[in-house]
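Welcome! Take a look at the structure below, then try the exercises and check yourself against the worked solutions.

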Amino acid sequence: MNAPLAPVEALIVVDVQSAFVSGAGAVPGAARLLDRVEGLLARARAAGALVVHLQNDGAEGGPDEPRTPGWELHLPVRGGELEVVVRKAEDDGFEGTPLEELLDGAGVQALAVCGVMSEMCVLATARRALRLDYRVVLPHDAHATYDIPAAEGIGEAVPAATASRVAEWALGDEVEVVPYAAEVAFAAPGPG
């Protein structure tokens with residue numbers, strides 16, 4: 001049996017917006033993803049960990065165009081000092097946002113990342129967090145993406161689950177990939 005996972009002080013919820021997790025445009029397995037993210041949120045809140053909801057400002061006409069129904073965060077945000085929304089325009093949740101300042105100001109050294117899309121915003125945000133020397137935990141069952149369609153002359157279709165696993169692999173051996181979100185423990189951050 002493996003030793004319990006050391007707690008993290010923050011949860012980064014990446015782009016869990018209505019366009020991606022509800023209706024006909026939802027990622028495969030959206031109900032399961034939402035269940036896992038809700039579990040992470042409940043445990044992070046109970047422990048007094050910092051919760052950051054990233055919200056992507058998509059292009060005009062896109063499913064996550066600002067101030068459209070698809071852009072709205074799908075899960076309720078409690079708000080307050082320990083639960084904030086950070087809007088972003090890039091895949092990397094740190095690029096052009098106050099995310100690093102929020103984490104450092106709260107004294108966060110370790111964080112968990114969940115949400116959508118595995119190979120885009122989740123990967124980019126986790127990779128930057130690693131470069132900034134945060135300890136990063138990525139629960140396998142708490143991030144998702146779409147199937148990648150076949151491309152003539154390039155390759156066959158790639159199932160969403162495979163694309164998500166490749167995104168984990170692309171992060172190298174510094175990230176802590178755990179099979180289940182239920183394995184992630186939270187603690188309140190120390191003084192910043």
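**Exercise 1: the two sides of a helix**

Task: Which residues of helix H5 are buried, and which are exposed?

Solution. Step 1: helix H5 spans residues 160-170, and its buried residues are Ala160, Ala163, Ser164, Ala167 and Glu168. They lie on the same side of H5, because they cover an arc of only 145° around the axis (the arc is that of the directions from the helix axis to the C-beta atoms). An α-helix has 3.6 residues a turn, so residues three or four places apart point the same way.

Step 2: Ala161, Val166 and Trp169 are exposed on the other side of H5. Here, buried means under 20% relative accessible area, exposed over 50%, and partly exposed in between, with a 1.4 Å probe and protein chains only.

A note before you go on: this is a predicted model, where local features need pLDDT of at least 70, side-chain atom pairs count only at pLDDT 80 or more, and totals for chains, interfaces and linings use all residues. Residues are numbered from 1 along each chain as its sequence is written, and side-chain values use heavy atoms, leaving out hydrogens and water.

**Exercise 2: the cover**

Task: What covers the buried residues of H5?

Solution. The cover includes helix H4 (118-131) and strands E5 (135-139), E6 (143-144) and E7 (176-178); contact means heavy atoms within 4.5 Å. Helices (H or I, at least four residues) and strands (E, at least two) are DSSP runs, numbered from the N terminus.

**Exercise 3: the whole chain**

Task: How many helices and strands does the protein chain have?

Solution. The protein chain has five helices and seven strands, and buried residues make up 47% of its 192 residues.
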